[in-house]
Amino acid sequence: MSEEQERPEPERIPFMQRVIENPFLLLFLGVVMPTVFYILWGVMEIATIPVAN
């Protein structure tokens with residue numbers, strides 16, 4: 001038998017499984033996403049304040 005037939009091809013790990021199994025990426029996303037949303041929310045709140053005369 002040749003070497004190619006003896007060695008099985010490794011399975012490809014799905015993208016979402018790689019993301020969920022990476023604790024540092026999850027930590028990064030858990031800090032960055034709320035920060036971005038709160039900043040956008042704050043900018044929207046400031047933009048809706050009426051101008052004082």
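W41 is partly exposed, with a relative accessible area of 49%, where partly exposed is the class between buried, under 20% relative accessible area, and exposed, over 50%, all with a 1.4 Å probe and protein chains only. I start with this tryptophan and will come back to its partner in a moment.

First, the ground rules. What you see is a predicted model, in which local features need pLDDT of at least 70 and side-chain atom pairs count only at pLDDT 80 or more, while totals for chains, interfaces and linings use all residues. Residues are numbered from 1 along each chain as its sequence is written, and side-chain values use heavy atoms, with hydrogens and water left out.

On confidence, the chain averages a pLDDT of 90, and 92% of the residues score at least 70, pLDDT being the predictor's confidence in each residue on a scale from 0 to 100. The lowest confidence in the chain falls in helix α1, residues 3-6, at a mean of 66, and the highest in helix α3, residues 23-47, at 96.

The chain has 3 helices and 0 strands, following the pattern α-α-α along the sequence; both kinds of element are DSSP runs numbered from the N terminus, helices being H or I of at least four residues and strands E of at least two.

How does the radius of gyration compare with that of a compact globule of 53 residues? The chain has 24 Å, against near 10 Å for such a globule, with the radius taken over C-alpha atoms and the globule rule being 2.2 Å times the number of residues to the power 0.38. The C-alpha atoms fill a box of roughly 90 × 15 × 10 Å along the principal axes, and buried residues make up 2% of the 53.

Two separations add to this picture. Q5, in helix α1, is exposed at 58% relative accessibility, and from Q5 to T48 there are 43 residues in sequence and 67 Å in space, C-alpha to C-alpha. L29, in helix α3, is partly exposed at 32%, and lies 21 residues from P8 in sequence and 35 Å from P8 in space, again C-alpha to C-alpha.

Turning to the surface, the chain exposes about 5,700 Å², of which carbon and sulfur atoms supply 68%, the areas coming from the Shrake-Rupley method with a 1.4 Å probe, and for residues only the protein chains shown counting as cover. A nonpolar patch on the surface, with about 1,100 Å² of accessible area together, includes F24, L26, L29, V36 and L40. Such patches join nonpolar side chains (Val, Leu, Ile, Met, Phe, Trp, Tyr) within 5 Å, or like charges within 9 Å, from residues with over 30% relative accessible area and no salt bridge, that is, no side-chain nitrogen of Lys or Arg within 4 Å of a carboxyl oxygen of Asp or Glu. One member, L26, is found in helix α3 and is partly exposed at 41%.

Finally, the aromatic rings, where the count comes to 1 pair. Y38 and W41 are stacked, 5.9 Å centre to centre with 20° between the planes; the rule pairs rings of Phe, Tyr and Trp (its six-membered ring) with centres within 6.5 Å, calling planes under 30 degrees apart stacked, over 60 edge-to-face and the rest tilted. Y38 and W41 are separated by about one helical turn, because they are 3 residues apart in helix α3. Y38 counts as exposed, at 56% relative accessibility.
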